[in-house]
Amino acid sequence: MDPIRLIEIKEEILSDNNQLAEELREKLRKSGTLLLNLMSSPGSGKTSLILRTAEGLKNYLHLGVIEADIDSTVDAEKVAAQGVPAVQLRTGGFCHLDSSMVAKGLTALNTDKLDVIIVENVGNLVCPAEFDTGAHKNIMILSVPEGDDKPLKYPLMFSVCDVLLVNKTDYLSMSDFNREDLRRRVLALNPQIKIIEISCKTGEGITEWLDWLKNALADFKAKR
Amino acid sequence: MHELSVTEAILKTVLKHAAVNSVHKILSISLQISKLSDLEDNWIQRYFDYLSKDTVAAGALLKIERLPLLVRCEGCAKSFETEPADIGNMVCPSCGEKKVALVPGKQYIIKNMEAV
């Protein structure tokens, strides 16, 4: 019998995905289109945030949206009804987006005239955190009814995001959600993260979010 | 569920190395995965067994080493290791400071494989 050999590999498991993600990021950097990956649990307000963003920035920049859902087109229809170019990716049971799926969405969306593209990832705090989509910035939403303990349960998600939007602040008076506990837990995982409290329903904090987005876009275009 | 994508990537990589090294059979594969990852070891192995059925990797055992979480103290700048369950109550073992932060970086590495 042949002797057993130990073959060194030392490769990143997701190297193909990471490489394609880098290529997408670079291509969009050259064309001046900022790609945002929006992640959260189901029902925390991703689509509502996109609608608020589209409304608030309609005279300021050209927005496009890539929607991902396991099996429906409801979100893309809502966004398109606002006059925002949108494509829907049906992941067919997959729980997350990877860079090859985002590449398909970018091909379907005419990106040339767009300043910002928001990718609405599959609603899930686990799987999407593990895959680089090619986005320049990762944004997540945590809504008040989900509770302030979520950074303890899903630490990876909080550690990979640039911005945390705490949505549904209009529910604060009806819950025992502790904003200080949340802040402390999130900052321990990710000291650089920007935390903005918002309510897509009342509009609270939306201006601060839109200002963040405008500044991020200005920085991005300046670095081209 | 995302274990399936990860497992496909593992299989693709080891088959590439198997071809280059004229391997007849892969016996085991050593992986290093961060403790922060929610990948389930059992599911990776089950998906791997299913996907690798008709390849030289069929029957290979996945040896998964979990890499510890590294935390840096903002007080004394020393680093220490922690468990995911302790993230809510991290205290620096050197100076007692509570302002500490996770050192970023996900790690998912295929280290090596045993083969004949």
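Two residues count as in contact here if their C-beta atoms, placed from the backbone, lie within 7 Å. Keep that in mind for the views below, which show a predicted model.

**View 1. Who touches A:Val119?** Skip the neighbours within four places in sequence, and A:Val119 is in contact with A:Leu35, A:Leu36, A:Asn37, A:Leu38, A:Ile66, A:Leu97, A:Val102, A:Gly105, A:Thr133 and A:Ala135. A:Val119 also belongs to the largest nonpolar core, which has 91 residues. Among the residues with the most contacts inside that core are A:Leu36, A:Ile118 and A:Val119 from chain A, along with B:Ile26 and B:Ile29 from chain B. As a bit of background, nonpolar side chains tend to be buried together in soluble globular proteins.

**View 2. Strand 2 of chain A, wrapped up by the rest.** This strand covers residues 34-40, and 7 of its 7 residues are buried, so the rest of the structure largely encloses it. A:Leu34, A:Leu36, A:Leu38 and A:Ser40 point one way, while A:Leu35, A:Asn37 and A:Met39 point the other way. Look for two partner strands. Strand 5 (residues 116-120) of chain A pairs with strand 2 in the parallel sense over 5 bridges, and A:Leu36 sits opposite A:Ile118 there. Strand 6 (residues 137-143) of chain A also runs parallel to strand 2, joined by 5 bridges; in that pairing, A:Ser40 has A:Ile141 as its bridge partner.

**View 3. Helix 1 of chain B, end to end.** How far apart should the ends of an 18-residue helix be? At 1.5 Å a residue, helix 1 (residues 3-20) of chain B should span 26 Å, and its end C-alpha atoms are indeed 26 Å apart, so the two agree. Its buried residues include B:Val6, B:Ile10, B:Thr13 and B:Val14. Both chains help cover the buried residues of this helix: strand 1 (5-12) and helix 1 (15-31) of chain A are part of the cover, and so are strand 1 (26-34), helix 2 (41-51) and strand 6 (108-115) of chain B. Just past the helix, B:Ser22 takes a positive phi of about 45°.

**View 4. Where chain A meets chain B.** The contact takes 28 residues from chain A and 30 residues from chain B. On the chain A side, strand 1 gives the most, with 8 residues. That side divides into 15 nonpolar, 3 polar and 10 charged residues. Strand 1 of chain A is joined to strand 6 of chain B by 6 bridges, and the two run antiparallel. To find your place in this pairing, spot A:Glu8 opposite B:Asn112.

Conventions
Residues are numbered from 1 along each chain as its sequence is written. Chains are lettered from A and ligands numbered from 1 in the order in which they are written. This is a predicted model: local features need pLDDT of at least 70, side-chain atom pairs count only at pLDDT 80 or more; totals for chains, interfaces and linings use all residues. Helices (H or I, at least four residues) and strands (E, at least two) are DSSP runs, numbered from the N terminus. The expected span of a helix is 1.5 Å times one less than its number of residues. A residue is buried if 20 or more other C-beta atoms lie within 10 Å of its own, exposed if 12 or fewer, and partly exposed in between; C-beta atoms are placed from the backbone. A nonpolar core is a set of buried Ala, Val, Leu, Ile, Met, Phe, Trp, Tyr and Cys residues joined through C-beta atoms within 7 Å. Two strands pair if DSSP finds at least two bridges between them. Ala, Val, Leu, Ile, Met, Phe, Trp, Tyr, Cys and Pro count as nonpolar, Asp, Glu, Lys and Arg as charged, and the others, Gly among them, as polar.
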